[in-house]
Amino acid sequence: MKIKSAGSKIVVFDTTLRDGEQAPGCHLSPSAKVKVARQLAKLGVDVIEAGFPASSPADFNAVSRIAKTVGRAKNAPEICALSRAIPSEIVRTWKALKFANRPRIHVFLASSDIHLDHKLKISRTEAVKRAVESIRCARTFTPNVQFSAEDASRSDWKFLARMLEAVIEAGAATVNIPDTVGYSVPEEFARLIAYLIERVPNIRKARVSVHCHDDLGMSVANSLAAISAGARQVECTVNGVGERAGNAALEEIVMAVKTRSDYFGALTKVRTQRIIETSRMVSKIMAMPVQRNKAVVGANAFAHAAGIHQDGILKYRPNYEVMRPEAVGLTGHNLVLTARSGRRAVQYQLKEMGFNLPDEKSEDLFAKFKTMADGRQEVSPAQLRSLALGSA
């Protein structure tokens with residue numbers, strides 16, 4: 001299902017500081033949260049979910065500091081904070097958020113029978129009642145209220161539609177459809193979003209959002225499928241950090257929408273040239289290394305080791321690069337010299353080092369290079385330079 005309206009704006013809701021920090025071992029101090037929030041603002045995200053104020057004094061402090069600093073800057077992103085559907089928690093959330101120029105209260109309540117029966121132990125009727133009351137409570141502080149139906153992807157679709165209609169009627173400006181446990185698959189999730197857009201009578205009064213987890217490795221695919229089906233906000237985290245297997249990765253969603261604008265017909269306002277610096281900051285502060293083969297930001301994302309690929313890249317970069325490394329903040333491509341590398345890549349690297357060997361010496365060096373490469377994972381620039389000096 002393809003988006004039909006070209007140029008549709010996708011709101012990027014970053015939850016690195018809330019859901020991302022829920023990953024084991026990723027605790028951030030209030031000062032660290034402020035530092036990351038400043039970087040997210042530079043990156044150009046639309047909404048920063050700064051935390052869960054009622055969960056701890058430290059998180060209240062962090063959200064309040066972000067609201068007073070990042071949230072007060074010119075052209076600041078919206079500053080959002082999470083709350084359960086409990087009036088006292090909503091009040092506390094507002095106390096932390098109220099200093100921001102553009103605050104958003106994010107209220108959540110489960111909608112699946114699994115959660116209602118086994119966690120909350122309440123009926124569907126009671127769930128709708130609590131959801132509506134929580135939205136009305138939050139609306140006394142700000143009209144910018146978001147509601148999330150926790151575990152939406154495992155909910156009864158008709159009941160989910162009923163709950164969303166009720167919270168929109170109560171004043172929710174955004175309704176979020178989470179795949180809380182990463183259970184859905186792309187085609188199914190797209191059908192759910194399309195069903196809700198079609199069946200919830202007042203859905204046009206609210207923005208439809210999605211929030212996908214990566215338990216089965218499909219968080220980004222599910223998010224993109226939802227965008228194709230009509231969702232206009234996507235919740236994500238830098239590097240895909242988050243509880244269990246993590247969240248949908250911001251950098252993958254943004255670059256997919258940018259690179260395949262021909263398909264999605266959508267855009268974000270994220271400054272993609274800041275993706276790498278943001279990824280590295282989050283990785284360092286959270287002590288969460290990025291795997292080498294991670295899409296967009298991994299060390300191998302723009303590295304080429306096979307000779308055929310290296311030859312193709314040197315002739316015409318789009319042969320093997322669907323996006324330019326410069327688009328995410330890197331300079332040039334990375335040709336890794338291995339036993340699979342060919343003459344063209346070796347010659348290119350030699351010229352970059354300032355060597356211009358005649359053909360016979362170049363062939364001799366290439367034979368020595370192959371012998372050296374067969375015994376190791378890669379040949380470093382220093383090792384290639386040594387070979388070149390010996391052949392000069």
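Two strands count as paired here if DSSP finds at least two bridges between them. Helices (H or I, at least four residues) and strands (E, at least two) are DSSP runs, numbered from the N terminus. This is a predicted model, where local features need pLDDT of at least 70 and side-chain atom pairs count only at pLDDT 80 or more, while totals for chains, interfaces and linings use all residues. Residues are numbered from 1 along each chain as its sequence is written, and side-chain values use heavy atoms, with hydrogens and water left out.

**View 1. Strand 3 between its two barrel neighbours.** Start with the pairing of Glu49, which sits opposite Cys80 in strand 4. Strands 3 and 4 run parallel and share four bridges. To get from strand 3 to strand 4, the chain goes through helix 2 (residues 57-68), in a right-handed β-α-β crossover. Right-handed means that, with the strands pointing away from the viewer, the path from the first strand over the helix to the second runs clockwise. Strand 2 (residues 11-14) is also joined to strand 3 in parallel, this time by two bridges, and Phe13 faces Val47 there. That connection goes by way of helix 1 (residues 30-43), and the crossover is again right-handed. Strand 3 (residues 47-51) is mostly covered, with five of its five residues buried; buried means under 20% relative accessible area, exposed over 50%, and partly exposed in between (1.4 Å probe, protein chains only).

**View 2. The whole barrel.** Step back and you have a closed barrel of eight strands, in the order 2-3-4-5-6-7-8-9, with parallel pairing. From one strand to the next, the twist averages 25°. Angles like this run from 0 to 180 degrees between N-to-C directions, and axes are lines fitted to C-alpha atoms, for helices over the stretch in contact.

**View 3. Strand 5, wrapped up on both faces.** Eight of the eight residues of strand 5 are buried, so the rest of the structure largely encloses this strand. Pro103, Ile105, Val107 and Leu109 point one way, Arg104, His106, Phe108 and Ala110 point the other, and all of them are buried. On one edge, strand 4 (residues 78-84) joins strand 5 (residues 103-110) through six bridges, running parallel. Cys80 stands opposite Arg104, and Leu82 has His106 as its bridge partner. Helix 3 (residues 87-97) completes a right-handed β-α-β unit with strands 4 and 5. Strand 5 also pairs with strand 6 in the parallel sense, over six bridges, and Leu109 is matched with Ala149 in strand 6.

**View 4. Helices 5 and 6, side by side over the strands.** Helix 5 (residues 124-139) lies across strand 5 and strand 6 (145-150), at about 170° to strand 5. Helix 6 (residues 157-170) lies across strand 5, strand 6 and strand 7 (174-179), at about 165° to strand 6. The two helices pack at an angle of about 25°, with their axes 9 Å apart. They are therefore roughly parallel to each other; that label is for angles under 35 degrees, with over 145 roughly antiparallel, 65 to 115 roughly perpendicular and the rest oblique. Helix 5 passes helix 6 in a right-handed crossing, which is the case where the near helix is turned clockwise from the far one by less than a right angle, anticlockwise being left-handed. Among the residues making the contact are Val128, Ala131 and Ile135 of helix 5 and Met163, Ala166 and Val167 of helix 6. Contact means heavy atoms within 4.5 Å.

**View 5. Val234 and its surroundings.** Val234 lies in strand 9 (residues 233-236). With a relative accessible area of 1%, Val234 is buried. Setting aside neighbours within four places in sequence, Val234 is in contact with Ile10, Val11, Val12, Phe13, Val210, Ser223 and Ile253.

**View 6. Ile114, partly out in the open.** Ile114 belongs to helix 4 (residues 113-120). Its relative accessibility of 38% is why Ile114 counts as partly exposed. Not counting residues up to four places away in sequence, Ile114 touches Lys119, Asp151 and Arg154. Ile114 and Asp151 are 37 residues apart in sequence, yet 8.6 Å apart in space, C-alpha to C-alpha.

**View 7. The buried side of helix 12.** In helix 12 (residues 307-315), the buried residues are Gly307, Gln310, Gly312, Ile313 and Leu314. These residues pack against strand 11 (303-304), strand 12 (334-335) and helix 13 (343-353).
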